[in-house]
Amino acid sequence: MGPVFFRKTQVDPAFAKTDQGKGSLDDYKFDLVPSSNGTTIRLAGSDPHQDLLASLLGEEGIETAIGPRTIEEERVDAPMQVRLFAGGRVVGPVGQVPRGLEAVVSEAISRLELAGRKTRIPVEVVRTKQGLRVDLLMGRTR
């Protein structure tokens, strides 16, 4: 029997190959705290939201507006949609957390709440070869 190869990232058939998002559990310690201040997660499913993201490009102080997952959402493993808080208003959705990284984002929100901080994760809108994308700056939630 030959060697077995495992795919490191999950592929979500709902999104184009260039819009799968990016992130790894390897970037986190055992308690889901980011290993470094530079740890990020790139959202999946941002292609349909290019016009909205273009209006936010270069804006400072953008943060997520993600509510805690309900028990029902956890039970059915529902995708975690991400909206943004920018310019004093909530906009979006602008994408979703890549499959398999929902627990990391939920834990970051819980950690911020327990520390008495705003439960918003800082965000950066970035230009890539494939278009505009949203990076969650997870390292800043440490």
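**Salt bridges across a predicted fold**

Let me start with a network: D19, D47 and R133 are linked by salt bridges. By salt bridge I mean a side-chain nitrogen of Lys or Arg within 4 Å of a carboxyl oxygen of Asp or Glu. The structure holds 7 of them.

Some ground rules. This is a predicted model, where local features need pLDDT of at least 70 and side-chain atom pairs count only at pLDDT 80 or more, while totals for chains, interfaces and linings use all residues. Numbering runs from 1 along each chain as its sequence is written, and side-chain values use heavy atoms, with hydrogens and water left out.

Now the fold. The protein chain has 3 helices and 6 strands. These are DSSP runs, numbered from the N terminus: helices are H or I with at least four residues, strands are E with at least two. The order along the sequence is β-α-β-α-β-β-α-β-β.

Next, overall dimensions. The C-alpha trace spans about 60 × 35 × 30 Å along its principal axes. The radius of gyration is 15 Å, which agrees with the value near 14 Å for a compact globule of 142 residues. That radius is taken over C-alpha atoms, and the globule rule is 2.2 Å times the number of residues to the power 0.38.

How much of the chain is buried? Of the 142 residues, 38%. Buried means under 20% relative accessible area, exposed over 50%, partly exposed in between, with a 1.4 Å probe and protein chains only. On contacts (heavy atoms within 4.5 Å): among those with a separation of 6 or more, 61% come from residues 24 or more positions apart.

Back to the pairs. R42 bridges to D135, with the closest N and O atoms 2.7 Å apart. R42 sits in strand β1 (residues 41-42) and D135 in strand β6 (residues 131-136), so this pair ties together parts 93 residues apart in sequence. D135 is buried, at 7% relative accessible area.

Second pair: E63 and R120, at 3.8 Å from N to O. This one also links distant parts of the chain. E63 is in strand β2 (residues 63-64), and R120 is in the loop between α3 (102-114) and β5 (123-128), 57 residues apart. E63 is buried at 13%. R120 is partly exposed at 29%.

Third pair: E102 and R99, closest N and O atoms 3.0 Å apart. Here E102 is buried, at 9%, and R99 is partly exposed, at 27%.
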